[in-house]
Amino acid sequence: MGRKTTLMGFSLFGFVLGFLAWLLRASVSNLVSSIGLNQDIAGAILAGIAGGFLMLIAVLVWSAVD
């Protein structure tokens, strides 16, 4: 895989992950709010999970390329 292909793949994966997180934010936010946290904290938790998952996949793919 070339450098441009890899970067485009990461950016496409990041876009899809962010898009899905945006669609799921209301249900996850309501779930987290039911345990006593406010909407901002719920959004931060969702963004953290999505970002962590993206970085995990990026590191796994990066290490497999070498």
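Leu-37 is partly exposed, with a relative accessible area of 35%; on this scale, buried means under 20%, exposed means over 50%, and partly exposed is in between (1.4 Å probe, protein chains only). The place of Leu-37 is in the loop between H1 and H2; helices here are DSSP runs of H or I with at least four residues, strands are runs of E with at least two, and both are numbered from the N terminus. Leaving aside residues up to four places away in sequence, Leu-37 touches Val-32 and Ile-45, where contact means heavy atoms within 4.5 Å. Val-65 is another matter: Leu-37 and Val-65 are 28 residues apart in sequence, and their C-alpha atoms are 41 Å apart in space.

All of this comes from a predicted model, in which local features need pLDDT of at least 70, side-chain atom pairs count only at pLDDT 80 or more, and totals for chains, interfaces and linings use all residues. Residues are numbered from 1 along each chain as its sequence is written, and side-chain values use heavy atoms, with hydrogens and water left out.

As for the overall layout, the protein has 2 helices and 0 strands. Its C-alpha atoms fill a box of roughly 45 × 20 × 15 Å along the principal axes. The radius of gyration is 15 Å, whereas a compact globule of 66 residues would come out near 11 Å; the value is taken over C-alpha atoms, and the globule rule is 2.2 Å times the number of residues to the power 0.38. Of the 66 residues, 14% count as buried. The accessible surface adds up to about 5,100 Å², and carbon and sulfur atoms own 75% of that; areas come from the Shrake-Rupley method with a 1.4 Å probe, and for residues only the protein chains shown count as cover.

Helix H2 takes in residues 39-65, and its end C-alpha atoms lie 39 Å apart, which agrees with the 39 Å that 27 residues should span at 1.5 Å a residue. That expected span is 1.5 Å times one less than the number of residues. Ala-42, Leu-46, Ala-50 and Ala-58 are buried in H2, and the buried residues of this helix pack against helix H1 (3-33). Ile-49 also sits in H2, but at 56% relative accessibility Ile-49 counts as exposed. From Ile-49 to Ala-21, 28 residues away in sequence, the C-alpha distance is 9.3 Å.

Over on H1, Arg-25 is partly exposed at 38% relative accessible area. The C-alpha atoms of Arg-25 and Ala-42 are 8.2 Å apart, with the two residues 17 apart along the chain. Leu-20 is in H1 too and counts as partly exposed at 44%; its C-alpha atom is 15 Å from that of Gly-52, 32 residues away along the chain. Phe-19, likewise in H1, is partly exposed at 47%.

Phe-19 and Leu-20 both belong to a nonpolar surface patch, along with Leu-12, Phe-15, Val-16, Trp-22, Leu-23 and Leu-24, and together these residues have about 870 Å² of accessible area. Patches are made of residues with over 30% relative accessible area and no salt bridge, joining like charges within 9 Å and nonpolar side chains (Val, Leu, Ile, Met, Phe, Trp, Tyr) within 5 Å. A salt bridge, for that purpose, is a side-chain nitrogen of Lys or Arg within 4 Å of a carboxyl oxygen of Asp or Glu.
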